[in-house]
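Work through the two exercises below with the structure in view, and try each task before you read its solution.

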Amino acid sequence: MKAKLIKLTSGYEHGLVAGTGRLKRDYLDKVGEIICKRKYKFDLTASFVLMDIQFPDGALFCVEPEQVRILEE
């Protein structure tokens, strides 16, 4: 599914570098492909979701759902 990276949620993300040598913040407002979605459960009531977004140049980042806008399923 296609998605756009719309925000960074913590300060350390501004310094994250992809294998391409570009910073994660350089990919803000860029469209990528969600290639993996994982749901982690702590117990019967608590869980969270993480997704991997890959961009056309090969950059790959782990993001939370609120960091992306889904463009198409």
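Two strands are said to pair if DSSP finds at least two bridges between them. The model shown here is predicted.

**Exercise 1. The sheet**

Determine in which order the strands of the open sheet lie, and which of them are edge strands.

*Solution.* Begin with a single pair: strand β1, residues 2-5, and strand β2, residues 31-41, pair in the antiparallel sense over 3 bridges. Within this part of the sheet, K2 has E33 of β2 as its bridge partner. In general, strands of a sheet pair through backbone hydrogen bonds, and they do so either parallel or antiparallel. Extending the view to the whole open sheet, one finds 5 strands in the order β4-β3-β2-β1-β5, with antiparallel pairing. The edge strands are therefore β4 (60-63) and β5 (68-72), since each of these pairs on one side only. Finally, neighbouring strands of this sheet are turned against each other by 40 degrees on average, when direction is ignored.

**Exercise 2. The cysteines**

Decide how many disulfides the model contains, and explain why C62 forms no bond with C36.

*Solution.* First recall the cut-off, which asks for a pair of cysteine sulfur atoms within 2.5 Å. By this rule, the count comes to 0 disulfides. For C36, which is in no disulfide, the nearest cysteine sulfur is that of C62, 8.7 Å away. Seen from the other side, the closest cysteine sulfur to that of C62 is in C36, and because the distance is 8.7 Å, the two are too far apart for a bond.

As a last step, consider accessibility, where values between 20% and 50% count as partly exposed. C36 is partly exposed because its relative accessibility is 28%, and C62 is likewise partly exposed, at 36%.

Technical notes. Residues are numbered from 1 along each chain as its sequence is written. This is a predicted model: local features need pLDDT of at least 70, side-chain atom pairs count only at pLDDT 80 or more; totals for chains, interfaces and linings use all residues. Side-chain values use heavy atoms; hydrogens and water are left out. Buried means under 20% relative accessible area, exposed over 50%, partly exposed in between (1.4 Å probe, protein chains only). Helices (H or I, at least four residues) and strands (E, at least two) are DSSP runs, numbered from the N terminus. Axes are lines fitted to C-alpha atoms, for helices over the stretch in contact, and angles run from 0 to 180 degrees between N-to-C directions.
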